[in-house]
Amino acid sequence: PQREILPTTVGADLGEVRLESAYAVPARAGTPGEVELTWLLVKPRQPLTSFVHLIGPDGTIRAQDDGPLAGVYTPFKRWLPGMIVTRSHMLPIPADLAPGRYELLAGAYLPANPGAVLVPFGAGEQSDGGTSHRVRVGTMEVLP
């Protein structure tokens, strides 16, 4: 039987942009896994890069993809307040990754300075005293 996969509502306010939802397609180890992020451009002031991390059970990043927040066909010059843009991230799933559900985290940063990440309003403090710059956007099922 076929099952329906629904997007995860996120609603993470990053000031200039808002991450509205995420959708992850089940993937097989050794193949790319697709995660689609939907962004609302609130008050875009500068180009941004979005990222997705696939997190292993030990908390390490097992796969990631970074790229222009609105994709390559919607450059920053075309961004307008109120626009909704979708960005597909293709995660290179490692061939040795065990089947199961893996947490997905996402966010955005300035492309010229990857250390300058946008911190979501209301982000919780981490154990190291910093603030979380990644938001949980659901899970990805890795199939055998």
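**Exercise 1. Which residues have the most contacts inside the largest nonpolar core, and which strands supply at least two residues of this core?**

Step 1. A nonpolar core is a set of buried Ala, Val, Leu, Ile, Met, Phe, Trp, Tyr and Cys residues joined through side-chain atoms within 4.5 Å; buried means under 20% relative accessible area (1.4 Å probe, protein chains only).

Step 2. The largest such core has 31 residues, and Trp-39, Leu-54, Leu-69, Leu-91, Leu-104 and Met-140 have the most contacts inside it.

Step 3. At least two core residues come from each of β2 (17–24), β4 (32–41), β5 (49–55), β7 (84–92), β8 (100–110) and β10 (135–143). Strands are DSSP runs (E, at least two residues), numbered from the N terminus.

This is a predicted model, where local features need pLDDT of at least 70, side-chain atom pairs count only at pLDDT 80 or more, and totals for chains, interfaces and linings use all residues. Residues are numbered from 1 along each chain as its sequence is written, and side-chain values use heavy atoms, leaving out hydrogens and water.

**Exercise 2. Find the surroundings of Arg-87 in strand β7.**

Step 1. Arg-87 is buried yet has no salt bridge (a side-chain nitrogen of Lys or Arg within 4 Å of a carboxyl oxygen of Asp or Glu).

Step 2. The nearest side chain of opposite charge, Asp-65, is 4.1 Å away.

Step 3. A polar atom of the Arg-87 side chain lies 2.7 Å from the backbone oxygen of Pro-68.

**Exercise 3. Is His-89 buried or exposed?**

Step 1. His-89, also in strand β7, has a relative accessible area of 0%, so His-89 is buried.

Notes. Buried means under 20% relative accessible area, exposed over 50%, partly exposed in between (1.4 Å probe, protein chains only). Helices (H or I, at least four residues) and strands (E, at least two) are DSSP runs, numbered from the N terminus. Lys and Arg count as positive and Asp and Glu as negative; His and the chain ends are not counted. A polar contact is a pair of N or O atoms within 3.5 Å; within protein, one must be able to donate a hydrogen and the other to accept it, and residues adjacent in sequence count only if both atoms are side-chain atoms.
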